[in-house]
There are 2 protein chains.
Amino acid sequence: MNDIKQKIDMANAEAVKRINEADPVLVDIAPAGEVIPGLKDRMVLHSGPPVTWPNMCGAQRGAMIGAVLFENWAGSVDEASRLLENGIIRFEPNHHHQAVGPMAGTISPSMPVWVVENRTFGNRAFCRQVEGRQQFGDYSDSALEGLRQWRDIWALSLRKGLLGMGGLELRPIIAKALTMGDELHNRPVAASSLFANGLVGPMLEAGVEKGHLLSTINYITKHELLFLGLSMAAGKASVDPAAGIEYSAVVIAMARNGTEFGIRVSGLGEEWFTASSPRINGLYFPGYTEKDAGADMGDSAITETAGWGGLVLAGATGILSLVGGTPEEALAYSKEMRQITVTMSSSYRMPVFGFQGAPLGIDMRKVVQTGITPIIDTAIAHRNPGYSIIGAGLVRAPMECFKKALLRFGQKYGVK
Amino acid sequence: MNDIKQKIDMANAEAVKRINEADPVLVDIAPAGEVIPGLKDRMVLHSGPPVTWPNMCGAQRGAMIGAVLFENWAGSVDEASRLLENGIIRFEPNHHHQAVGPMAGTISPSMPVWVVENRTFGNRAFCRQVEGRQQFGDYSDSALEGLRQWRDIWALSLRKGLLGMGGLELRPIIAKALTMGDELHNRPVAASSLFANGLVGPMLEAGVEKGHLLSTINYITKHELLFLGLSMAAGKASVDPAAGIEYSAVVIAMARNGTEFGIRVSGLGEEWFTASSPRINGLYFPGYTEKDAGADMGDSAITETAGWGGLVLAGATGILSLVGGTPEEALAYSKEMRQITVTMSSSYRMPVFGFQGAPLGIDMRKVVQTGITPIIDTAIAHRNPGYSIIGAGLVRAPMECFKKALLRFGQKYGVK
């Protein structure tokens, strides 16, 4: 038994060592179909563990329909629904393709995605543009127009600047943003501002045409959630090398599709351990209440998996006006998260804790032992298709996922 | 006696009401000689209360010499010193000219200054460019080169963009930066980033030539202390309307010339109440120790006077790696500052205190009664002329200033 425990501790140490060594660099912004392995024509990726069309939540269905219309694979909402229902347009989880996506998470081939390379290990991860409409299930033409501008103007302009400067290191931006009140999930406002600062000059130098440059500057300097797509891609690229370590109990993915919440554990391969997606405790935009709300959704909990988001709430009290709660509660959350993690980050530090490292590496054993589940910052989508964002709040990962994983861990490795 | 107390309370309430109503807007960036009232040819303004050449500290002398060389009023350091010593080049405090300046604070006529208008009251305030060399006493040609680029490229480009956009409201930037770990004095990194975000597009639209635009973008997106000049001008513009209110015990200026620390009080006109400039408790750059340090210097404590800087340290724990101390101490400082202020700001809020307002309006009576003096973030200059910045730290305003002011207050208003 002690022998097993030692093996697990060593495997966990190896997992967090790899995450600590991660060096995520934004290397490209390219159409998803050109860069994401296995993303084929007539396929849309989505957030969370696998799900069937009949079980898919309203917001994710709406976003799927939006993606199909955006790709011009259907001329109407009805036609799009039928193609999805009949399996003519396929869908698979982002996490099965080295990708992540916020909220419904829909990624279709012509959408430009952030391409982040972990220079230490050579692996890549991808995330789509963050916006507040289509990814929440709004398939209206004006919602899709935001995707078109991203595809035709903003992503192209940013790409030109980015390639001209030879890539952008994300670790320094993330580390700095953590000293500027960001938690990099619902509140990446500082990182977004720093990112805009970093790209403007290179776009100008690269000769982006003035109209496109102005439009892109306007977009990136006013989009406070812009960096979430980058922190998600950086999180995925940072954590992926910690997958598949035998005996490791470190959680390497937490993702939700609005129907189910699923986790993956390093020592347990590619299996998802799921439970029903929880309800969110949050604040609603005017006109909406919790009766309108869908359940927890999105791959964005990759930020918590990487040690940011809810895990570093104590340093991001500015977020409380968005998600609710008090500074004392925020402090308590981060202290709790230290109890269920393997170590503290050596790259990402928290001034509010005297520059100690952010909690890193959720150990599913500790979750079950302490009864403390990871706290996640999140946004709230409508329960039905066709709506934009309706609120934001906090949610706890369901204990059931961790218990199921621990059971399988026991079966696989002969631990009780 | 109660009657007097009531008069003071009402006068203080009026003072903080005016500060609360301030609406500082950056309206221009123009040569000091064209906009600052009373700044004549062969005159240099400086930080702090009035001082004579023999009493002037080394760093301020060095900066004076730098300003004289920058203006080409002298061809050598010796000549510049002689002209200053003989009164051929005159110097007066910034505060006597609606102006403020960081560290030595030197403002000479051809230096472009930030022009901030308080739209509520119509008054204007001015602050010079913040940099890390000449204002610390370094008069080398390479230090002056930074001033020349500011004059010939950066200020001109920014001015073109600013005038094109019709001015820039500073209150929203300051309020937002306070939720992003800034205290707007030694740590204006978020505000600087947001400011850069706001000016890039307008400069491009205004047709700033590409080479100048690139140089200016490079300058404003990498200069983390850039916004200090703006928070100082905004602070001065915000507090000035609270001056000259009969019976008010609210402090409306705290300024240091490296020899003396002086305060002004609303109900006591333009008189300075001074004490020796204190030593700074701080961290030094490699190669320097406290033996090299000059005493406290600069008009930048206008940020504390306006309710930022040391007063809001609790929300800016990222600064502690620069100035030293623990998050617990930072929290304690801000709580202390609530004991010596009249109210809490209605514009500027602190997430770490559940979005309560920042402490506002230092009441000199409370300072003397409680024994708690204002805490100020500051940088450290060398004791001798010719050096750049050598460190940063925290300092307490000397109690003697407040006791002297209280004594005069008693004489003037018949209070004991």
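The two copies meet through the same surface, because 100% of the interface residues of chain A are also interface residues in chain B. This is a predicted model, and the statements below describe that model. Across the interface, 28 residues of chain A are in contact with 28 residues of chain B. On the side of chain A that touches chain B, helix H7 (189-205), helix H8 (210-222) and helix H11 (320-323) each supply at least two residues, and H7(A) gives the most, with 10 residues. By residue class, that side of chain A divides into 15 nonpolar, 12 polar and 1 charged.

The arrangement of the copies can also be stated as an operation: a rotation of 180 degrees, with 0.0 Å of shift along its axis, superposes chain A on chain B with an RMSD of 0.0 Å. The two copies are thus related as by a two-fold rotation axis. In chain A, the C-alpha nearest that axis belongs to A:Met180, which lies 2.3 Å from it.

Within chain A, 5 strands form an open sheet of mixed pairing, in the order E4-E6-E5-E1-E7. Strand E4 (99-100) and strand E7 (168-169) stand at its edges with a single partner strand each, so one side of each is left without a neighbour in the sheet. At the E7 edge, strand E1 (residues 24-31) and E7(A) run antiparallel and are joined by 2 bridges; in E7(A), A:Leu168 is the bridge partner of A:Leu26.

Helix H9 (residues 228-239) of chain A lies across E1, E4, strand E5 (112-118) and strand E6 (124-128), and runs at about 155 degrees to E6(A). The largest nonpolar core has 290 residues, and those with the most contacts inside it are A:Ala233 and B:Ala233. Nonpolar side chains tend to be buried together in soluble globular proteins.

A second residue to examine is A:Ile302, which is placed in helix H10 (residues 302-305) of chain A. A:Ile302 counts as buried because it has 33 C-beta neighbours inside 10 Å, where 20 or more are required. From A:Leu84, A:Ile302 is 218 residues away in sequence and 27 Å away in space, C-alpha to C-alpha.

The table gives the contacts of both residues, leaving aside neighbours within four places in sequence.

| Residue | Residues in contact |
|---|---|
| A:Ala233 | A:Val100, A:Trp114, A:Val116, A:Ala125, A:Phe126, A:Cys127 |
| A:Ile302 | A:Val100, A:Met232, A:Gly235, A:Lys236, A:Val239, A:Ala253 |

A:Val100 is thus listed both for A:Ala233 and for A:Ile302.

Methods: Residues numbered from 1 in each chain as written. Chains lettered and ligands numbered in written order. Predicted model: local features only at pLDDT ≥ 70, side-chain atom pairs only at ≥ 80, totals over all residues. Pairing = 2+ DSSP bridges. Helix = DSSP H or I, 4+ residues; strand = E, 2+ residues; numbered from the N terminus. Contact = placed C-beta atoms within 7 Å. Axes fitted to C-alpha atoms, helices over the stretch in contact; angles between N-to-C directions. Nonpolar A, V, L, I, M, F, W, Y, C, P; charged D, E, K, R; others polar. Least-squares fit on C-alpha atoms with pLDDT ≥ 70 in both. Core = buried A, V, L, I, M, F, W, Y, C linked by C-beta atoms within 7 Å. Buried ≥ 20, exposed ≤ 12 C-beta atoms within 10 Å, placed from the backbone.
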